[in-house]
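Reader: Hello, I'm new to this structure and would like to get to know one part of it really well. Please pick a single spot, look at it closely, and then show me how the rest is arranged around that spot.

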Amino acid sequence: MIRFECGLARPAFTLDAAFSAGLGITALFGPSGSGKSTIIRLVAGLEKPDRGCITIGERRFVDSSAGIFLKPWQRRAAMVFQDSQLFPHLTVRQNLDYGRRLTPIPERRIAPEAVIEILGIGALMARNPVTLSGGERQRVAIGRALLASPRVLLMDEPLASLDADRRLDILPFIERLRDEFSIPILYVSHAIEEVARLAATVVRIDQGRVTSVGSPAEVMTGNALDRPGERFSRLSILNGTFARYLPEYGVSVIAHPAGDIIVAGQTRANGPVRIAIQATNVTLAIGRPTNISVRTALQGQITGLETDDGPFAHVTIALAGGDRLEAFATRLAIDKLGLDVGDEITALVKAVAIDEKGVPGLSGGRLQS
Amino acid sequence: MHLSLRVATVGTLAILPLAVAVGWLLARVEFRGKVVLDALVHLPLVVPPVVTGYALLLLFGRRGVFGGALAEVGIVFSFRWTGAALAAAIMGFPLMVRAIRLSIEAIDARLEQAASTLGARPLFVFATVTLPLAWPGILAGAVLCFAKALGEFGATITFVSSIPGETRTIPAAIYGYVQTPGADDGAWRLSLVAVGISIAALAFSEWLSRRMREART
């Protein structure tokens, strides 16, 4: 359980944010400069708030009214930085041991063997950090933080310094440690797919303030015509089940009550799959069009139609099975088709427009041995 | 020559811990009066050495501000080789602090922050992260200080004069030979020795830093 409520005034920046979150990953999501990193540094104790209160579980890190401000080393709020910050004069093994040896023995809840196995870093132990690749380095940094048996794990854009392929490699590791160790994780990111895939709770931050808190589906959707760029950050999350993989085409079929969804790549695990679909990638059709390249056609009913004087219409669709799908179309198209709330509609989604980064367990667009 | 080496070595080693502390303070801590401390450290570099020597005489001379009290506990600087070591240390101090400060500033502060979020107290962070990473700079600073100490003349001769076997360091001896008609041979010989030692010290520091770089990659 994380409770955060802090105020901080700097010459060019003011933070006034409050949120609380439970177990699992809490994503701090927002544009750069919005204050995400400041929040995480406040939790780590690397910044001191003007006023406020930070509680992790039973432990009060900060309570300005009671004059409490724990030093970073008293908190054990281990931090994973964007660029790993491994100790260059120590080996991988010594890096991993650094925090563990500083943890009192009764509080060492996390077994090194499990962490090394999950992160797949067993073969790197004797290496010097400078010789590691970016992805390996980041995995070691995550392991080092975990082995300090932290009360909360803080990850500040841990994947931002990696290219897209490496990012895809590391996401499954983060999912496994989320599922296997019961440590609350605060995760800073501005990548919408990462957030949709990992987070139990999303805290959306803008200009030092919390604008919304909730599940990814709740926070990533909502009222949308106010700002012109907003349509690009709109995302719907659909819950499907892995059905089959077509090796000859390199695509997977995800079963959904509203219709099959085709995504690129192969899922490693069977079972439930969350798929993030950007609202700008949805095409609306009346009836089921044939002779069209798009294979994913989802049946639903329009439940919301929002327009203003601008060029766009924001459409909300209740899909068969209950998931909510958002779409943007031009106001012109809506008028020509004569669409209105209550109409049955087919939502078409191009498979190539679904980012496989947002799909758990997908191993990427290409076949991997 | 033995005397010169002893003076320079003892002076350098004695001032090293203070230089590390001041270098770290200037690199990492924000406090009031930082500018003043910075200026104070650099003072021996810009003030005429004779003035520094005179100041040492006033402070640590037998009737100086601290000299009297120190003499009572058996520490005497004036007109002893220890005084020459003190003068050498003070003159080399700015160079040493500068090298150490730069090498600490070159370390990403987030490395130290990472260590502290892993549960390390500041002193432990300093010993296990800052010090090992700043090591090449500290050594380079020490070698610079040593070389400066070997060549120090003005402050030394003002503070402790040039007493054969006690405070007559190589530069003082060379000066003595130059002042004596017909002693050019001695001046030549000692100058060569001084140049030799300086080159050896520089080569040693270069070798050390190269080894450090190789060990790092």
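Author: Let's start at one residue pair: A:Gly7 has A:Asp16, in strand β2 of chain A, as its bridge partner. Strands (E, at least two residues) and helices (H or I, at least four) are DSSP runs, numbered from the N terminus. What you see is a predicted model, in which local features need pLDDT of at least 70 and side-chain atom pairs count only at 80 or more, while totals for chains, interfaces and linings use all residues. Residues are numbered from 1 along each chain as its sequence is written, with chains lettered from A and ligands numbered from 1 in the order in which they are written.

Now follow the strand that holds A:Gly7. Strand β1 of chain A covers residues 2-10, and nine bridges join β1(A) to β2(A) in an antiparallel arrangement. Another rung of this ladder pairs A:Arg3 with A:Ser20 of β2(A). The two strands make a hairpin, with two residues between them. Strands count as paired here if DSSP finds at least two bridges between them.

β1(A) has a second partner, too. Six bridges link β1(A) to β4(A), again in the antiparallel sense. Here you can look for A:Glu5, which stands opposite A:Cys53 of β4(A).

Step back a little, and these pairs become part of an open sheet of five strands in chain A. Reading across, the order is β2-β1-β4-β5-β6, with antiparallel pairing. The edges are formed by β2 (13-21) and β6 (68-69) of chain A, each of which pairs on one side only. A helix joins the picture as well: α1 of chain A, residues 36-44, packs on the sheet. Helix α1(A) touches β1, β2, β4 (51-56) and β5 (59-63) of chain A, where a contact means that C-beta atoms, placed from the backbone, lie within 7 Å. The direction of α1(A) makes about 115 degrees with that of β1(A). Axes are lines fitted to C-alpha atoms, for helices over the stretch in contact, and angles between N-to-C directions run from 0 to 180 degrees.

Further along chain A, there is a helix pair to visit. Helix α3 (residues 92-102) and helix α5 (residues 134-146) of chain A have axes that come within 6 Å and cross at roughly 30 degrees. On the α3(A) side, the contact is made by A:Val92, A:Asn95, A:Leu96, A:Tyr98 and A:Gly99. From α5(A), the residues are A:Val140, A:Gly143, A:Arg144 and A:Ala145.

How does all this sit in the whole chain? Chain A is assigned domain 1, residues 2-219, and domain 2, residues 228-358, with bounds taken from an automatic or database domain assignment. The C-alpha centres of domain 1 and domain 2 of chain A are 33 Å apart. Where the domains meet, domain 1 of chain A gives nine residues and domain 2 of chain A gives eight residues. On the domain 1 side, α6 (164-180), α7 (192-198) and α8 (216-219) of chain A each supply at least two residues. The largest share of that side, five residues, comes from α7(A).

Next door is chain B, which has ten helices and zero strands. Its C-alpha trace spans about 65 × 40 × 30 Å along the principal axes. Between the chains, 17 residues of chain B are in contact with 20 residues of chain A. On the chain B side of this contact, α6 (109-117) and α7 (122-151) of chain B each supply at least two residues. Helix α6(B) gives the most, with seven residues.

Finally, a word on confidence. pLDDT is the predictor's confidence in each residue, from 0 to 100. Chain A has a mean pLDDT of 85, and 92% of its residues reach 70 or more. Among its elements, strand β7 (residues 79-80) of chain A has the highest mean pLDDT, 93, and α8(A) the lowest, 76. Over residues 363-369 of chain A, pLDDT stays under 50, and for that stretch the model has twelve contacts beyond four places in sequence. In chain B the mean is 84, with 97% of residues at 70 or more. There, confidence is highest in α6(B), at 93, and lowest in helix α4 (residues 67-72) of chain B, at a mean of 74. For the complex, the predictor gives an ipTM of 0.77 and a pTM of 0.72.

Notes:
Two residues are in contact if their C-beta atoms, placed from the backbone, lie within 7 Å.
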